[in-house]
Amino acid sequence: MNIYLTLKSLHLIAVVSWMAGLLYLPRIFVYHEENKEDLKTSETFKAMERKLYFYIMMPAMTLSWVFGLLLIGNIGFDQLSNMWLQIKLILVIILTGYHFFLGTCVKKFNNNSNTLSSRFYRIFNEVPTILLILIVFIVIFKPI
């Protein structure tokens with residue numbers, strides 16, 4: 001079995017799972033904010049947000065990083081001198097920061113202390129899409 005292709009496959013599976021959460025959680029926030037006065041519905045959203053963030057997104061993010069770093073190790077850490085890989089890593093670090101910001105939002109919703117609007121979450125939900133597009137094109141075309 002080819003270790004490189006195995007790591008690459010595991011990395012892609014983890015990234016797809018992570019991205020699904022990054023795209024879905026802010027949508028839940030939109031509906032949660034719009035229905036915060038309905039206590040039963042709000043509690044349902046709180047449970048959904050916690051489970052998505054802690055049971056799916058955190059493990060998926062962790063595995064994305066682990067398999068990504070193992071991939072770099074497999075091809076050689078000297079590859080970090082390639083500009084395309086440096087840019088990809090910077091974008092993934094930004095995506096990771098976005099992920100942890102969503103975690104603070106989960107806590108705020110859980111404590112009924114969210115101050116951001118549903119409009120904010122609708123717009124903010126586009127960030128991971130833009131980063132994903134940039135990352136995919138950089139990895140595929142390796143322009144630099």
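In what order do the elements of the protein run from the N terminus on? The answer is α-α-α-α-α. Good morning, colleagues. The model before you is a predicted one, and I shall go from its overall build to its empty spaces and then to its surface.

Let me begin with the overall build. The secondary structure consists of five helices and zero strands. Taken along the principal axes, the box filled by the C-alpha atoms is roughly 55 × 30 × 20 Å. The protein has 144 residues, and 36% of them are buried.

I turn now to the empty spaces. Rolling a probe the size of a water molecule over the atoms shows where empty space is left. In the largest pocket, that space comes to about 680 Å³. The pocket is lined by 27 residues, and those closest to its centre are His11, Leu12, Leu71, Lys88 and Val139.

Which helices supply at least two residues each to this lining? They are α1, residues 3–34; α2, residues 39–75; α3, residues 83–110; and α5. Helix α1 gives the largest share, with eight residues. As for the character of the lining, 21 of its residues are nonpolar, three are polar and three are charged.

Besides the pocket, there is a cavity to consider. A search of the whole structure for cavities of 30 Å³ or more returns one. The largest cavity holds about 30 Å³ of space. Its lining is made up of Phe101, Thr104, Cys105, Lys108, Asn114, Leu116 and Tyr121. Here it is α3 that provides the largest share, namely four residues. Sorted by class, the lining of this cavity has four nonpolar residues, two polar residues and one charged residue.

Finally, I come to the surface. A nonpolar patch is found there, formed by Ile133, Val136, Phe137, Ile140 and Phe141. Together these residues have about 530 Å² of accessible area. One member of the patch, Ile140, deserves a closer look. Ile140 belongs to helix α5, which spans residues 127–141.

Is Ile140 buried or exposed? Ile140 counts as exposed because its relative accessible area is 60%, and the term applies to values over 50%.

To close, I would ask you to keep two places in view as you turn the model. One is the largest pocket, to whose lining α1, α2, α3 and α5 each supply at least two residues. The other is the nonpolar patch on the surface, where Ile140 sits beside its partners in the list, Ile133, Val136, Phe137 and Phe141. Thank you for your attention.

Technical notes: Residues numbered from 1 in each chain as written. Predicted model: local features only at pLDDT ≥ 70, side-chain atom pairs only at ≥ 80, totals over all residues. Heavy atoms only, no water. Patch = residues over 30% accessible without salt bridge, like charges linked within 9 Å, V, L, I, M, F, W, Y side chains within 5 Å. Areas by Shrake-Rupley, 256 points an atom, 1.4 Å probe, with all protein chains shown as cover. Salt bridge = Lys/Arg side-chain N within 4 Å of Asp/Glu carboxyl O. Buried < 20%, exposed > 50% of the residue type's maximum accessible area, 1.4 Å probe, protein only. 1 Å grid on protein atoms, 1.4 Å probe; cavity = no way out; pocket = protein on both sides within 12 Å on 5 of 7 lines; lining within 4 Å. Points joined across faces, edges and corners; volume = space filled by probe spheres on them. Nonpolar A, V, L, I, M, F, W, Y, C, P; charged D, E, K, R; others polar.
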